[in-house]
Amino acid sequence: SFEVVLQSSGVIYQIPAERSIVQVLEAAGVDVPVSCEQGICGTCLTRVLSGEPDHRDMFMTDEEHAANDQMTLCCSRSRSARLVLDL
Ligand code: FES
């Protein structure tokens with residue numbers, strides 16, 4: 001598991017292995033725009049302010065993945081213990 005922090009609220013969410021970031025945020029009442037929920041469309045693309053995403057999408061290019069400054073919240077995860085998101 002890993003933690004996600006929302007920049008605007010400072011609230012920390014634990015993301016367990018069996019749930020996506022979108023699932024955890026939506027259950028907590030945080031609306032994230034989603035469409036495909038399979039890493040294809042890019043609707044859930046969100047800026048990453050710190051931490052290293054574990055990219056699982058097919059939407060971004062290799063260069064965009066390597067930049068680690070945005071991620072798809074429907075399917076991607078984290079290599080670092082904590083991600084800070086621009087939400
Ligand atoms: Fe389509 Fe996340 S909802 S990539």
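This passage describes the overall fold and the nonpolar core of a predicted model.

The protein comprises 2 helices and 7 strands, and these elements, read from the N terminus on, follow the order β-β-α-β-β-α-β-β-β. Along the principal axes, the C-alpha trace extends over about 30 × 25 × 25 Å. The radius of gyration is 12 Å, which agrees with the value near 12 Å that would apply to a compact globule, because the chain has 87 residues. Of these 87 residues, 24% count as buried. Among the contacts with a separation of 6 or more, 52% are made by residues 24 or more positions apart.

In soluble globular proteins, nonpolar side chains tend to be buried together. In the present model, the largest nonpolar core contains 13 residues, and those with the most contacts inside this core are Val4, Ile21, Val22, Leu73 and Cys74. Two or more residues are given to this core by each of two elements, helix H1 (21–27) and strand S7 (82–85), and the largest share, 3 residues, comes from H1.

The surroundings of Ile21, one of the residues with the most contacts inside the core, can be described in further detail. When its neighbours within four places in sequence are left aside, Ile21 is in contact with Val4, Ile15 and Leu73; of these partners, Val4 and Leu73 are themselves listed among the residues with the most contacts inside the core.

Notes:
Residues are numbered from 1 along each chain as its sequence is written. This is a predicted model: local features need pLDDT of at least 70, side-chain atom pairs count only at pLDDT 80 or more; totals for chains, interfaces and linings use all residues. A nonpolar core is a set of buried Ala, Val, Leu, Ile, Met, Phe, Trp, Tyr and Cys residues joined through C-beta atoms within 7 Å. A residue is buried if 20 or more other C-beta atoms lie within 10 Å of its own, exposed if 12 or fewer, and partly exposed in between; C-beta atoms are placed from the backbone. Helices (H or I, at least four residues) and strands (E, at least two) are DSSP runs, numbered from the N terminus. Two residues are in contact if their C-beta atoms, placed from the backbone, lie within 7 Å. The radius of gyration is taken over C-alpha atoms; the globule rule is 2.2 Å times the number of residues to the power 0.38.
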